[in-house]
Amino acid sequence: MRHWEEDFGELSLVSDVVSQYTSEKKVANLLISTAFSESGYVTGPWDIYKRYGHGQEIYKHQTIDTYGPWSVRGGLMMANFIISVLQKNPFPKITTFFEYTDKANNIGYAHTVVVPFTTDETILCRAEAYVLSSQHNYEKALEDINNWIVYHSVISEDEGADLTLEALNSFYDALPYEPALVNTVADRSLKKKLNPEGFTVNAGTEENLIQLILQLRRLEGLQEGLRWYDLKRYGIEFSHNRAGNVPIVLTKDDPRRAIQLPPDVINAGMKANPRN
């Protein structure tokens, strides 16, 4: 797995953090890929594309800098690298490399390097499988979760303590569910109402483990779009608050959860996926 404190503890430059995260020398990086993309501009510490940002209300109450069961070892190492640029607050794991085809006219192509598959994300997939399997192996799932926490935290394995099922249940049992429409900071909660389609999640330890795994996946896949798959899979309802506009609420049955077909397929005669 990626050793966050060892890999990033001495770094300060954005370029160095990105290079370390995407390095082919890291065995945690199972696949490295390139793409034509401006995602580095979208998620990076630049004063553009601000509507796609990772706002302070989100990262302080929902993601990197909030308190949760993963804080048993002093919090996440990645929180030390949040770069505040108005409402963007990115963690620098993605950057854009510009290929000039005409330097005089500033014309060319934007490229990026991404890591689609990592050991860190895969171990959370395995933990989820342990929980939902017919054997309901909660102890094995918790072992994977604690391994994830150890390598992502500021406190080493020798100095900290492992998360227990008792502490996990105590934390999540005390939380209210977050409403689909979040109006104030007080509405925010790390506990989401799960509406899985085609399978069930039992209340109690099973749901609490899934809640934590989904949260760790949200942290692991920050700025990579992985959260969307979990939102769809578990039917999690949420809202997009827009300044000066009515919030957009995506319910569990909203037809927009199905990605629209390509225009050329629709133009060829296939019926488009329905929209509201």
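This section describes the largest pocket, a nonpolar surface patch, the salt bridges and two backbone features of a predicted model.

The largest pocket encloses about 1700 Å³ of space. Its lining comprises 42 residues, and those nearest the centre of the pocket are Y52, G53, I58, R218 and H240. Two or more lining residues are contributed by each of the elements α3, α4, α9 (227-233) and β4 (238-240). Sorted by class, the lining of the largest pocket is made up of 14 nonpolar, 15 polar and 13 charged residues.

Y52, which is among the residues nearest the centre of the pocket, also belongs to a nonpolar patch on the surface. The other members of this patch are W46, I48 and Y49, and together the four residues present about 410 Å² of accessible area. Within the patch, Y49 is located in the loop between α3 (39-43) and α4 (56-61). The relative accessibility of Y49 is 33%, so this residue is classed as partly exposed.

Salt bridges number 13 in the structure. One of them joins the side chains of K60 and D65, with an N to O distance of 3.8 Å. Both partners fall in the intermediate class of accessibility: K60 is partly exposed at 37% relative accessibility, and D65 is partly exposed at 40%.

A second salt bridge pairs R73 with D162, and here the closest N and O atoms are 2.6 Å apart. This pair links distant parts of the chain, since R73 is placed in the loop between α4 and β2 (96-102) and D162 in the loop between α6 (138-152) and α7 (165-173), 89 residues apart. The two partners differ in their exposure: R73 has a relative accessible area of 2% and is therefore buried, whereas D162, with a relative accessible area of 48%, is partly exposed.

In a further salt bridge, E224 contacts K93, with 2.7 Å between the closest N and O atoms. E224 is situated in the loop between α8 (205-220) and α9, and K93 in the loop between α4 and β2, so the pair ties together parts of the chain that are 131 residues apart in sequence. In this pair the acidic residue, E224, is partly exposed at 30% relative accessibility, while K93 is buried, its relative accessible area being 3%. Elsewhere, E121, E128, R217, D230 and R233 are joined into one network by salt bridges that share partners.

Two residues are also noted for their backbone geometry. H136 has a phi near 50°, which is a positive value in a residue other than glycine. H136 is positioned in the loop between α5 (119-132) and α6, and its relative accessibility of 31% places this residue in the partly exposed class. Q223 likewise is not a glycine, yet its phi is positive at about 75°. Q223 occurs in the loop between α8 and α9, the loop that also holds E224 of the salt bridge with K93. With a relative accessibility of 21%, Q223 counts as partly exposed, because the buried class is reserved for values under 20%.

Key. Residues numbered from 1 in each chain as written. Predicted model: local features only at pLDDT ≥ 70, side-chain atom pairs only at ≥ 80, totals over all residues. Heavy atoms only, no water. Patch = residues over 30% accessible without salt bridge, like charges linked within 9 Å, V, L, I, M, F, W, Y side chains within 5 Å. Areas by Shrake-Rupley, 256 points an atom, 1.4 Å probe, with all protein chains shown as cover. Helix = DSSP H or I, 4+ residues; strand = E, 2+ residues; numbered from the N terminus. Buried < 20%, exposed > 50% of the residue type's maximum accessible area, 1.4 Å probe, protein only. 1 Å grid on protein atoms, 1.4 Å probe; cavity = no way out; pocket = protein on both sides within 12 Å on 5 of 7 lines; lining within 4 Å. Points joined across faces, edges and corners; volume = space filled by probe spheres on them. Nonpolar A, V, L, I, M, F, W, Y, C, P; charged D, E, K, R; others polar.
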